[in-house]
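Here are some short notes to read beside the model. Keep the structure open and find each residue as it comes up.

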Amino acid sequence: ANFLGENFQVCDTGGLVFDDDESTLFAKEIRQQAEIAIDEASGVIMVVDGQTGMTAMDSAIADYLRTQVLPRLPVHVAVNKCESETVGALNAAEFWNLGLGEPVPVSALHGVGTAELLESLFESVVQRKTAGVANFGTKVQRLHEAKQRKNSKKQQPGEDDVEYKMRKYGIGDAADKVVQEYEDALAAFDDTERPEEINIAIVGRPNVGKSSLLNSLFGDHRAIVSDIAGTTRDSIDAVMERPAENEEDLPTIYRFVDTAGIRRKNKVEYGPEFFMVNRALRAIRRADVALLILDATAGVTEQDRILAQKIADDGICNKWDAVVDKDSSTYDKSVKYMRAEMPMIRWAPILFISAETGQRVGKIYSVIDDAIGAHRNRISTSVLNEVLRDAVLWQPPPARRNGAQAKIYYCNQVSTRPPTVVVFCNDPKLINDNYRRYLDRKFRESLDGFEATPIRWLFRGRR
């Protein structure tokens, strides 16, 4: 998110419950995740319900934040559902009793009070210097001070009479310095050069080990893992930074998105699971690379094939440690089996890993880098048409019973991400799916760089 010219991340944690009884499922795990988020945060916002009023659970959480968190981080109280102008502030006043400072009435639904909440939080972060970024939260203050100096008609502290008069009448180095300070303060709000961020969606059926893989990649408990299918209810983002090989280059940012398990469409009822699946599919659409996780002990299921149709990047097979009676040829045989069972992504690289033991997990990064390079690959028109001519000479387009046959003239790559090739012919309707797959296979065999990405084929007729 961005506020007052500053970029920051917001981490939404699960509801904190301090009673570990059987009725509160995953209470301990959720509390651990919240503690991890607090340890990595620069500030904490405690959200309470203004319409319900203060509860015993609110008091317990406030006691924890006051004793364990407030000594090292700023903590602010946001009283939600206080959109009413008449009673909103009155409802928020009750939460002074939490002992965490002034409660801010907000409405998450209507956006009321969010700016005031962020302003107070930024002021606390700047005062206590808890941000991991130098000069965080000072852009507005610097701009305000520079604008005052630029427009001031009075003598500033530290200025002698000569400098004051030269600045006042806009001449000399003193005037140029004030103008330059103002322009620099304005330029600070422009987007600075950011490291490249690669979005990686981890998708698959329920209980195939997606969250376990995320934890194994980070070497930490970033997601709650259990034997209960459907533990992950929402997409979880986790960011990892890899330093650049050259010091002058920017680092690479990997954003892994752990998604909810996707079941067959006819088994998904309207409700929480419906929105879980929609968010998982949305994560696939906005991802640069998708890791399709399969269970090596279960083989390829019909749902895996359906997901493979939706996904246009890497496939990874988890739980390799659970496969019994492995020998030196088991890996190669398993790769052939996967490619035969999922021909729609036969071109995708396959890894057999174990999220539990970490076997081959480190190889995922090189596979991701190769997929990103292929996804952004561009081939010259002359090379593409040379491959196209050889493919058509080797096997011309099939003719129909009425004698109609497609004539292919030339092709051109019009875009990347994924590579998109437009083929010009006399009639696109004469190009059937089998011949399209034939062209796709011939291009992959003849050209380097398309091994880990889909190729989008568009056929255009003569105008």
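1. Start with one term. A salt bridge is a side-chain nitrogen of Lys or Arg within 4 Å of a carboxyl oxygen of Asp or Glu. Arg205 forms one with Asp304, and their closest N and O atoms are 3.0 Å apart. Bear in mind throughout that this is a predicted model.

2. Where do Arg205 and Asp304 sit in the chain? Arg205 is in the loop between β6 (196-204) and α8 (210-218), while Asp304 is in helix α10 (residues 302-310). They are 99 residues apart, so this pair links distant parts of the chain. Are the partners buried or exposed? Arg205 has 15% relative accessibility, so Arg205 counts as buried. Asp304 is at 0% and therefore counts as buried too. The cut-off for buried is under 20%.

3. Helix α10 holds another salt bridge, between Arg305 and Glu302. Here the N to O distance is 3.4 Å. Both residues lie in helix α10, three residues apart, which is about one turn of the helix. Arg305 is partly exposed, with a relative accessible area of 22%. Glu302 is partly exposed as well, at 43%.

4. Next, look at Lys81 and Asp49. Their side chains meet in a salt bridge of 3.0 Å, N to O. This pair also links distant parts of the chain, with the two positions 32 residues apart in numbering. Lys81 is in the loop between β4 (75-80) and α3 (88-93), and Asp49 is in strand β3 (residues 44-49). Lys81 has a relative accessible area of 38%, so Lys81 is partly exposed. Asp49, at 21%, counts as partly exposed.

5. How many salt bridges does a search of the whole structure find? The count is twelve. Some charged residues join up further: Glu197, Asp237, Arg255 and Arg286 are linked in a network of salt bridges.

6. Now turn to the aromatic rings. A pair of rings is described by the distance of the centres and the angle of the planes. The whole structure has nine aromatic pairs. In one of them, the ring centres of Phe256 and Tyr365 are 6.2 Å apart and the planes are at 85°. Planes over 60 degrees apart count as edge-to-face, so that is the name for this pair.

7. Phe256 is in strand β8, and Tyr365 is in helix α12 (residues 364-375). They are 109 residues apart, and their pairing links distant parts of the chain. Both Phe256 and Tyr365 are buried. They also belong to a cluster: ring pairs link Phe218, Tyr254, Phe256 and Tyr365.

8. Compare that with Tyr435 and Tyr438. This aromatic pair is tilted, at 5.3 Å centre to centre and 40° between the planes. Both residues lie in helix α14 (residues 433-446), three residues apart, or about one turn of the helix. Tyr435 is buried, with a relative accessible area of 2%. Tyr438 counts as buried at 5%.

9. Finish at the surface. Which residues form a negative surface patch? They are Glu245, Glu247, Glu248 and Asp249. Glu245 is found in the loop between β7 (236-242) and β8 (252-258). With 83% relative accessibility, Glu245 counts as exposed, because the cut-off for exposed is over 50%.

Technical notes:
Residues numbered from 1 in each chain as written. Predicted model: local features only at pLDDT ≥ 70, side-chain atom pairs only at ≥ 80, totals over all residues. Heavy atoms only, no water. Patch = residues over 30% accessible without salt bridge, like charges linked within 9 Å, V, L, I, M, F, W, Y side chains within 5 Å. Areas by Shrake-Rupley, 256 points an atom, 1.4 Å probe, with all protein chains shown as cover. Lys, Arg positive; Asp, Glu negative; His and termini not counted. Charge placed at Lys NZ, Arg CZ, Asp CG, Glu CD. Helix = DSSP H or I, 4+ residues; strand = E, 2+ residues; numbered from the N terminus. Buried < 20%, exposed > 50% of the residue type's maximum accessible area, 1.4 Å probe, protein only. Phe/Tyr/Trp six-rings, centres within 6.5 Å; stacked < 30°, edge-to-face > 60°.
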